[in-house]
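Colleague: I'm new to this one, so could you take me through it and explain the terms as we go?

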Amino acid sequence: MKQEIRLDVNHMMADFLGMQYGIDRGDVDAMSAHLKRAHAVVEANRGKGMHGWMDLPYNQEKIVEKINRVAADIRAKFDTFVVLGIGGSALGPAAVQQALNHLHYNDLPKEKRNGPRLYIEDNIDPERMAALLDVIDVSTTCFNVISKSGGTAETMSQYLIVLDALKKAVGDDYHSHIIATTSESRGHLIKLAQKENYETFFIPEGVGGRFSELCPVGLLAAAVCGIDIQGLLDGAKAMDERCKTDEVWDNPALLDAALMYIAMQDMGMNMSVMMPYADSLKLMADWYAQLWAESLGKNVTKKGMACNVGSTPIKTLGVTDQHSQLQLYTEGPYDKVITFLKVESFRAQTDIPHGCEEIPDVAFLGGKSHNQLIEAERMGTEYALYKSGRMSQTITLPCVNAYTVGQLLYFFELVTAYTGELLDIDTFNQPGVEESKVAAFAMLGRDTEKHNAKRDEMKTRPERKKDYIL
Ligand code: PA5
């Protein structure tokens, strides 16, 4: 029997939290027509426009074969694999590696790893690139340059640095150290890849960065590190099948979208806290944060009406952040929904030995396990939130494996797509990130009409006042 992840929304509901702080079941039922319409629109768009991600569990048989073949080759030839990418081109690969491989994967001796060491470089902090080059040997490293647009400055600057380092280290053989993952039909990276004869994987046009983990963007790094990529896709498919119904009480992603929508729009819950109680799922919170923020933070509806919607995702980790954030969650403003990610069966059992018998506060832990302690603390936090009238929900993974992680990824993608429909916004664009890019490149002196105009425009900003700089 395949293991299904489960969504438990009891602690979102008025039955638990009362009418003031919880959601009345009747309010969900009252939205039935709105929910069915959102579901219908997402379904009608399956595979079309920017909904290509919905096809990924079904249409990649050939690609998976190629990925596994290339991955085997990489494992045989290289001892390090580096992903160069940012945003959707990095957060998924990092989340899946953290979830499905050893928590100290890179530190394991070679024979205990499932593949080469993996580094995911998603920033241009100069110290970070220098630090990477300090710990890898480029002559035994394969670099996967991932950019759908093929023009992202951060990624392409990394490419230039790596290309230079490779040419110095291995000469003409640099070609065999670079793999491009990009759009088949547009952007500079595909042209470079063709000119340089790099091994290339394509990101389907209808798959946006933050929805791209289940295409070669994420699957190649995962396969290189020995992860069962077919298992990921099977999990996504199983979640997709579960969510084909438009009956909200039978479709976990639709139910979650409905509750998040009501919480956000009607109850002022403008923050969404993702709190995995498992280090393996820690980076899922980062991946979710991008998906949720970039997809739903919008200022116009599809019809162009001003709206300013979205809720701010917050990345946390249980139990660690109980000692950092929980005070705020239980006593601060009523503005958050907390989503716990719970793991039923961990891949390790850590027993706590007896000891310190003279100190009852410590001795009581003896004979228990970290497995028991972490879940007791999660339940304690859920209870504390309940008692203070705060909304929480729990997604349980029976265990963390490719199949359950595939379900989880696809679940959040669907929740995001449905919520975007409920909000009547374009879930798949990100116009709000453009201004900062143009301003940055204008300051760097880029000489195009757009950048020159931006430079002029930026000069009209008020002068900084000395009084405000201490
Ligand atoms: O979700 C998105 O579309 C973005 O976050 C992109 O993934 C990110 O900007 C990187 O873009 P690209 O893959 O074109 O380099």
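Modeller: Sure, let's start with Arg-117, which has a relative accessible area of 18% and is called buried. This is a predicted model, where local features need pLDDT of at least 70, side-chain atom pairs count only at pLDDT 80 or more, and totals for chains, interfaces and linings use all residues. Residues are numbered from 1 along each chain as its sequence is written, and side-chain values use heavy atoms, with hydrogens and water left out.

Colleague: Why is Arg-117 called buried?

Modeller: Buried means under 20% relative accessible area, exposed means over 50%, and partly exposed is in between (1.4 Å probe, protein chains only). Arg-117 has 18%, so it counts as buried.

Colleague: Where does Arg-117 sit, and what is it in contact with?

Modeller: Arg-117 is in strand β3, residues 117–121. Strands (E, at least two residues) and helices (H or I, at least four) are DSSP runs, numbered from the N terminus. Beyond the neighbours within four places in sequence, Arg-117 is in contact with Asp-79, Thr-80, Phe-81, Tyr-105, Asn-106, Val-135 and Ile-136. Contact here means heavy atoms within 4.5 Å.

Colleague: What makes the Arg-117 and Tyr-119 side chains a polar contact?

Modeller: A polar contact is a pair of N or O atoms within 3.5 Å; within protein, one must be able to donate a hydrogen and the other to accept it, and residues adjacent in sequence count only if both atoms are side-chain atoms. The two side chains make their polar contact at 3.1 Å.

Colleague: Which residue does the side chain of Gln-407 reach, and is Gln-407 buried or exposed?

Modeller: Gln-407 is in helix α16, residues 402–423. Its relative accessible area is 1%, so Gln-407 is buried. The side chain of Gln-407 reaches the backbone oxygen of Gln-3 at 2.7 Å. Leaving aside neighbours within four places in sequence, the contacts of Gln-407 include Glu-4, Ile-5, Met-239 and Arg-242.

Colleague: How do you know that the buried residues of α8 line one face?

Modeller: Helix α8 runs over residues 188–196, and its buried residues are Leu-189, Ile-190, Ala-193 and Glu-196. Looking down the axis of α8, they fall within an arc of 140 degrees, so they line one face of the helix. That arc is taken from the directions from the helix axis to the C-beta atoms. On the other side of α8 you'll find His-188, Lys-191, Gln-194 and Lys-195, which are exposed.

Colleague: What do the buried residues of α8 pack against?

Modeller: They pack against β4 (141–147), α7 (153–170), β5 (178–182) and β6 (199–202). Just after α8, Asn-197 takes a positive phi of about 60 degrees.

Colleague: What makes a positive phi worth pointing out?

Modeller: Most residues other than glycine have a negative phi, and most peptide bonds are trans. Asn-308 is not a glycine, yet it has a positive phi of about 50 degrees. It is in strand β9, residues 306–309, and at 64% relative accessibility Asn-308 counts as exposed. Cys-356, also not a glycine, has a positive phi of about 50 degrees. Cys-356 is in the loop between β11 (336–345) and α14 (360–363). With a relative accessible area of 39%, Cys-356 is partly exposed.

Colleague: Where is there a cis peptide bond?

Modeller: One joins Gly-318 and Val-319, with omega of about -5 degrees. Val-319 is in the loop between β10 (312–315) and α13 (326–331). His-323 lies in the loop between β10 and α13 too, and its relative accessible area of 72% makes His-323 exposed.

Colleague: Which residues come nearest to the ligand?

Modeller: Of the 13 residues around the ligand, these are Ser-147, Lys-148, Ser-149, Thr-152 and Gln-290. A residue counts as near if one of its heavy atoms lies within 4 Å of the molecule or strand in question. A polar side-chain atom of Thr-152 is 2.4 Å from an oxygen atom of the ligand, and a polar backbone atom of Lys-148 is 2.8 Å from a ligand oxygen.

Colleague: How much of the ligand's accessible area does the protein cover?

Modeller: On its own the ligand has 380 Å² of accessible area, and the protein covers 85% of that. Accessible areas come from the Shrake-Rupley method with a 1.4 Å probe; for residues, only the protein chains shown count as cover.
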